[in-house]
Amino acid sequence: MSRDIHIESLSVTFHGHDLIVDSELELNYGRRYGWLGLNGCGKSTLLTIISCRELPIPEHMDIYHLTREIEASDMSALEAL
Ligand SMILES: Nc1ncnc2c1ncn2[C@@H]1O[C@H](COP(=O)(O)OP(=O)(O)OP(=O)(O)O)[C@@H](O)[C@H]1O
Ligand SMILES: [Mg+2]
């Protein structure tokens, strides 16, 4: 019943390109994370991989993947949803 995710060696290949190579992914309960990277480096792909549960993410963790961008505001993520 852990509330954290820790994957020690993550590699993602998409359409023949290595997007992520032997990387550590750690998402801890109560924290907020941002992805920084060049256009096309694989940020959206990684979100899709997480939301499709292609990684070992416990069933008791809910995931909602908002795939479209919305305008910046003072709303929290939950309020915006
Ligand atoms: N449907 C697809 N078919 C082939 N290649 C794709 C497809 N979707 C994405 N790619 C490629 O996969 C790589 C990762 O794309 P992705 O959209 O995850 O990057 P990103 O970091 O979210 O980029 P951006 O900053 O532009 O949002 C890119 O090289 C992109 O060209
Ligand atoms: Mg993207």
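In the predicted model, L81 is exposed, with a relative accessible area of 56%, and this residue is located in the segment that follows helix α2, which spans residues 77-80. L81 also contributes to a nonpolar patch on the surface, which has an area of about 610 Å² and to which Y64, L66, I70 and L78 belong as well. Because patch members must have over 30% relative accessible area, the 56% computed for L81 satisfies that requirement.

The protein as a whole contains two helices and two strands, and these elements succeed one another along the sequence in the pattern β-β-α-α. Taken along the principal axes, the box filled by the C-alpha atoms has dimensions of roughly 40 × 35 × 20 Å. Of the 81 residues in the protein, 17% are buried, where the term applies to residues under 20% relative accessible area.

Ligand 1 is surrounded by a shell consisting of F14, H15, L19, L38, N39, G40, C41, G42, K43, S44 and T45. When this shell is divided by class, four residues are nonpolar, six are polar and one is charged. Helix α1, which covers residues 43-51, supplies the largest share of the shell, namely three residues. With respect to individual atom pairs, a polar side-chain atom of K43 is placed 2.7 Å from an oxygen atom of ligand 1, while a polar backbone atom of G40 is found 2.8 Å from an oxygen atom of the ligand. A further pair involves a nitrogen atom of ligand 1, which lies 3.5 Å from an N or O atom in the side chain of H15. Of the 640 Å² of accessible area that ligand 1 has on its own, 54% is covered by the protein.

H15, a member of the ligand shell, occupies the loop between strand β1 (5-14) and strand β2 (17-27). The backbone of H15 adopts a positive phi of about 50°, although this residue is not a glycine. H15 counts as exposed because its relative accessibility of 69% is over the 50% cut-off. A positive phi, near 60°, is also found for R53, again a residue other than glycine. R53 is placed in the loop between α1 and α2, and with a relative accessibility of 27% this residue counts as partly exposed.

Within strand β1, T13 counts as exposed at 51% relative accessibility. The side chain of T13 forms a polar contact of 3.1 Å with the side chain of D18. Between the C-alpha atoms of T13 and W35, which are 22 residues apart in sequence, the distance in space is 18 Å. In strand β2, S23 counts as partly exposed, because its relative accessibility of 27% falls between the limits of 20% and 50%. The C-alpha atom of S23 is separated by 9.4 Å from that of V12, a residue 11 positions away along the chain.

Note on methods. Residues are numbered from 1 along each chain as its sequence is written. Chains are lettered from A and ligands numbered from 1 in the order in which they are written. This is a predicted model: local features need pLDDT of at least 70, side-chain atom pairs count only at pLDDT 80 or more; totals for chains, interfaces and linings use all residues. Side-chain values use heavy atoms; hydrogens and water are left out. Patches are made of residues with over 30% relative accessible area and no salt bridge: like charges are joined within 9 Å, nonpolar side chains (Val, Leu, Ile, Met, Phe, Trp, Tyr) within 5 Å. Accessible areas come from the Shrake-Rupley method with a 1.4 Å probe; for residues, only the protein chains shown count as cover. A salt bridge is a side-chain nitrogen of Lys or Arg within 4 Å of a carboxyl oxygen of Asp or Glu. Helices (H or I, at least four residues) and strands (E, at least two) are DSSP runs, numbered from the N terminus. Buried means under 20% relative accessible area, exposed over 50%, partly exposed in between (1.4 Å probe, protein chains only). A residue is near a molecule or strand if one of its heavy atoms lies within 4 Å of it. A polar contact is a pair of N or O atoms within 3.5 Å; within protein, one must be able to donate a hydrogen and the other to accept it, and residues adjacent in sequence count only if both atoms are side-chain atoms. Ala, Val, Leu, Ile, Met, Phe, Trp, Tyr, Cys and Pro count as nonpolar, Asp, Glu, Lys and Arg as charged, and the others, Gly among them, as polar.
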